[in-house]
Every structure is written in C-alpha cells, then in structure tokens.
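Student: Could you take me through one part of this model closely, and then show me how the rest is built around it?

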Amino acid sequence: MRTLLLDATLIDGTGAPPVGGAWLAIEDGRIAEVHAGAAPAGRFDATLDLAGRACTPGLIDMHVHLCWDGSPDPAEVNAREGRDLTLVRMVGHARQTLERGVTTVRDLGCVDDLTLVLARAIRAGAVPGPRLVATGRSIVMTGGHDPFWGVFCDGPWGCAAGVRGQAYLGATVIKVAATGGVYGRPEGEEVGTSELSLEELTAACREAHRLGLRVASHAVGREGIDNSVQAGCDTIEHGIFASDDALRRLAAGGRFLTPTLFIYRHIAEGSAPAYAARKAVACAEQHPRTLARARSLGVGVTAGSDSGSPGNPHPALFAELRELVRRGGLTPLEALTAATATNARALGLEAQIGTLVPGRQADLLVVEGDPAADVTALERPWAVMQAGRWVYRTATGTVPRERTAR
Ligand SMILES: [Zn+2]
C-alpha cells in the first residue's frame, strides 16, 4: 500500500521551521519519502491533498494515567467502581487520546496492572489506542506515594524483586517513587519527604537497566530528586525543587525532566481535594523557575501532562503544551518539538517515532492553522494517521477522502 500526501505544510518534529508545499509518501505503515516541491511521478494506491494544512508527527505524552478519569478525585473513583469497569473506561480514554492525535503515551501508574492488559489489547489490534509504554503498578516503599497502585518494596533486594515482577508482567518502563506527592491520599505524605532511599533506587535502576527498561522517578522534593539522579533514573517526573547540581548531572547524562507544569497550577487553583491544593501552591510557584533553570543548563525537557489526574481529563497534553508556552517560556515550535522528537528520544524510540523522516512509523497529525505560531492549532485535528492508517473520524463518521487509483 502506497499513499501520497500532497501540499502539506510540514513540521517534521526536529525543531526545523515549517516547510510549505511538501509531500510525503507512505508505504506499508512507514514514511518512505518526504520532499518539498513538485509531487513525484509513479504509482500510488491513494492520494490525499492536504491543501496547505500543517502536518506534524503524531504527538507523544510522557506522563499519563489511563485508569484515572480526570474528575476531582479519580483515585476515589477507582476504589468505588472496581477493576472491570475501570478497564472498560480505560479503553474509551485510549481511543479519545488517539483520535485527538496523541499516538503514543507513557502510562506511569495504574491500578491492578490494567495498562499492561490494555497495551496488549492495543498491540493485538483488539481496540484502538495510542502506542502504550506502560509500567502497570509502580515501585514504592511500604506505604509510599500512590499506594493504591504501588508494589510495596523495601530494601535494595526488595526493589530489584519489584522491578523483576513488573518486567515479568510486561511492563515496558519502570516507575519509582522517590518522594511523597501532592495528590493521592489526605494524610501521611509530603512532597519534601524522601521515600525510596538512594540504595533502593540504585538497585531498582540497575535491575531495570539490566532488563532493558528505562526508569521514571516521581520526585518533587530536593533530596529525592538528588537520589533519583544519582541512582541513574532516566527521567525525573515533576522535579519541582531540583538543585542545580541535579540538573547539571541530568544534562551531562543526556537524561530528561518531565515538568508536568499545568497540573500543579491547576490543582493549586482547586481542581483537586483541598488537602492536595494546599500542597500544590508552593509547587506551582517554584515550578516555572526550575523549568527555566533546567533549560538554561541544557536539560532535555519532555512534554507530559499527568493526564487523568484531578481536573485533567484525557487527552490533557494540549493543556500542558499551552502551559509550556504560557508559563514555561517555550515557543510553540519548541513545545511541539518537546512533544515529538524530545519525547521519542526520552523513550528510546527515536528511530521509530517522533519525527517525519524516511523510515519512521507513519504517525501523523494534520491540523488547521499554524501550530508553529499558535500551539492551540494542535487542538483542531483534521486527520490523524497511526502506522499508515487513518484513525481520526470526524463528527459525521468519515475519514479523510482519498482519490484511489484504479
Ligand atoms: Zn502522575
């Protein structure tokens, strides 16, 4: 199957400015050729004229929770509805996410390992959804952050065993909790409290890396961030009170910070129960300062939304992209690059997704308007392609009409 897309305003994800009048050839689910200028001769099974619309790589969200519904207290919803209903609801969230152009997500915590089941179902083609990099349950100390989806692990050997258990269940990333959090439970945790120790985090990282898995660390307070960086964690989630030393070490190691800038402000402004809002205020105040510092020190900044968390319904990546521009100081093109090429690199999937160059999987988002000038243009999808197949359906139930060769 060969498909030709004509007259695209190409934003290839590398950070290069848009190129008008471009065409892309898609073959067997992959990008075969990309050029500016006159369309190629030769035979195509289908041709679609994008009429100058912007074409970007499918977007990637580095931090989601598909088991959460984005209501004010999603953990309480999980506890009430039970796992069967949760799983069915997750199938819907996956579809909504994909149809808005978010073609890959990394899920960093899920009750009962349900994301590992969902990931298998998506891979098998049983249900539509984004490519799902998922941890299932997370590695936390006894009674640690997000206990409802934690595997309680204590001591280095306990943490290594926890990682092995998740790998056995099919996890494709490991999540550890190095500090307490803002939302989760009304008492017993603070963001400044370190949880898994340096020795425990080191053991988890060593075991994960040995098994070919990257490690994402929930780390908000300074000491827990330092521990995570020293232990070898690949991405720091939130990272709000990071020291300069930690940021320098992240940059030097080519590792990444996922700020999740939007959700802390949103919670501080009241999207979650009051106990969480109270803790989020100081976080929201510090957050843009740390992000600016991280960027000036050369840390790779990824785009992750914490989608599904309180007041943050799927797909929340668009709110995060707005926030990265509005309070994070990124240009719209930089925010888009974070959500494509940078995220792909942070996942170790840069040879497969994140840029529109030959050989990559044909995951595309076609939008009205110019996302390089206005990041909200990404919120107006005209078409979404995943692995060479159109997956977005308009309100009338149609997919983009192609001229089919006879
Ligand atoms: Zn999260």
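Tutor: Happily; here is a walk from the metal site to two helices and then to the chain as a whole. The model is predicted, so local features need pLDDT of at least 70 and side-chain atom pairs count only at pLDDT 80 or more, while totals for chains, interfaces and linings use all residues. Residues are numbered from 1 along each chain as its sequence is written, and side-chain values use heavy atoms, with hydrogens and water left out.

Let's start at the zinc ion. H63 (NE2), H65 (NE2) and D306 (OD) coordinate it at 2.0 to 2.3 Å. Donors here are N, O and S atoms within 2.8 Å of the metal (3.2 Å for Na, K and Ca); water is not among the atoms, so sites may look incomplete. Along the chain, the donors follow the spacing H-x1-H-x240-D. H63 counts as buried, because its relative accessibility is 1%, and H65 is buried too, at 2%. Buried means under 20% relative accessible area, exposed over 50%, and partly exposed in between (1.4 Å probe, protein chains only).

Next comes helix α10, residues 317–326, whose buried residues are L317, F318, E320, L321, E323 and L324. Helices (H or I, at least four residues) and strands (E, at least two) are DSSP runs, numbered from the N terminus. The buried residues of α10 pack against β6 (59–64), β7 (102–107), α8 (261–271), α9 (274–296) and α11 (332–347); contact means heavy atoms within 4.5 Å.

E320, in α10, deserves a pause. E320 is buried yet has no salt bridge, and the nearest side chain of opposite charge, R327, is 8.0 Å away. A salt bridge is a side-chain nitrogen of Lys or Arg within 4 Å of a carboxyl oxygen of Asp or Glu; for charge, Lys and Arg count as positive and Asp and Glu as negative, with His and the chain ends not counted. Leaving aside residues up to four places away in sequence, E320 touches P259, T260, L261, F262, G304 and S305.

For a second helix, look at α1, residues 74–81: P74, A75, V77, N78 and E81 are buried there. The buried residues of α1 pack against α2 (83–99), while the face turned away from the buried side carries the exposed A79 and R80. After α1 comes G82, with a positive phi near 85°.

Stepping back, the protein chain has eleven helices and 19 strands. Of its 406 residues, 58% count as buried.
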